[in-house]
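Biologist: Could you take me through this model, with the cut-offs behind each term?

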Amino acid sequence: MTDINLTIDGEEVAVTPGTTILSAAGETGVVIPTLCHRPELSVEGNCRICVVEVEGSPRLVASCHTPVSEGMVIHTQSARVLKARKVIMELLLAGHTGPCVTDECARECEVHCLAAELEVGPPRFGVRRRRFYPVETLSPYVRRDLSRCILCRRCIRACTEIAEKNILHMAYRGFSSKVVTGCDEELNAEVCRDCGVCIEYCPTSALLKPSEEVA
Ligand code: SF4
């Protein structure tokens, strides 16, 4: 199969057809930040943190699910890209912001760590909870605080593709979108056992072991 030739941040690269921009960048040592993406999970491209600029394209594209094509010229660090990533992160934080913006768990939160990497400053957008979700403590295995959820869906994919349990799925729309079990029931020991895979994949403190402290 003939390789695809492209340029990433000024470097000429040749990769096999079907390779995504994210993977092609990785092969050249260019790191593109990601959030909803995990190499071992299926690709969703829902967070848009991994956007890059492709010359000739009017829009920024999500690198995790965009395949390379011959002659592409890609910029992963242009001013437009960096600005877009910051705004995307600010919007994610606006939806995610709970007490953990200021409390101890912010230090452990992948979202807040990435925000720091992207040099996101103090919030410019009004803090808005999609809805108030009471913390779920019924399960002896998973403590869920969906007010801290950023809807990255990593837990759903991990539950389905790694744990092969299919317990979690998305429900509702827009600001009401929510990761649910069954018909939006509280997670309990009947449906969810102690594999803990969803907790490992959650980039926030929305999912924790009941024993873990939350400030
Ligand atoms: S609970 Fe965690 S892993 Fe699941 S969608 Fe929300 S932030 Fe992502």
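**Strands, core and ligand shell**

Modeller: Leu6 stands opposite Val13 in β2. This is a predicted model, in which local features need pLDDT of at least 70, side-chain atom pairs count only at pLDDT 80 or more, and totals for chains, interfaces and linings use all residues. Residues are numbered from 1 along each chain as its sequence is written.

Biologist: In which sense do strand β1 and strand β2 pair?

Modeller: Strands here are DSSP runs of E with at least two residues, and helices are runs of H or I with at least four, numbered from the N terminus; two strands pair if DSSP finds at least two bridges between them. Between β1 (residues 4-8) and β2 (residues 11-15) there are five bridges, and the sense is antiparallel.

Biologist: Which residue in the hairpin of β1 and β2 takes a positive phi?

Modeller: The hairpin has two residues between the strands. The positive phi, near 50 degrees, belongs to Asp9.

Biologist: Why is one side of β2 and of β4 left without a neighbour in the sheet?

Modeller: Five strands form an open sheet of mixed pairing, in the order β2-β1-β5-β3-β4. One side of β2 and of β4 (61-62) is left without a neighbour because each stands at an edge with a single partner strand.

Biologist: Which residue stands opposite Val52?

Modeller: Strand β3 (residues 51-54) and β4 run antiparallel and are joined by two bridges. Opposite Val52, in β4, stands Val61.

Biologist: Which residues does Ala24 touch, not counting those up to four places away in sequence?

Modeller: Ala24 is listed with Cys155, Cys198 and Leu207 as touching the most other members of the largest nonpolar core, which has 50 residues. Such a core is a set of buried Ala, Val, Leu, Ile, Met, Phe, Trp, Tyr and Cys residues joined through C-beta atoms within 7 Å, where buried asks for 20 or more other C-beta atoms within 10 Å of the residue's own, exposed for 12 or fewer, and partly exposed lies in between, with C-beta atoms placed from the backbone. With contact set at C-beta atoms within 7 Å, Ala24 touches Leu6, Ile8, Val13, Val15, Thr19 and Val68.

Biologist: Which residues come nearest the ligand?

Modeller: The shell has 11 nonpolar, one polar and two charged residues, with Ala, Val, Leu, Ile, Met, Phe, Trp, Tyr, Cys and Pro counted as nonpolar, Asp, Glu, Lys and Arg as charged, and the others, Gly among them, as polar. A residue is near if its C-beta atom, placed from the backbone, lies within 6 Å. Of the 14 residues around the ligand, those that come nearest are Cys149, Cys152, Cys155, Cys202 and Ala206.

Technical notes: Two residues are in contact if their C-beta atoms, placed from the backbone, lie within 7 Å.
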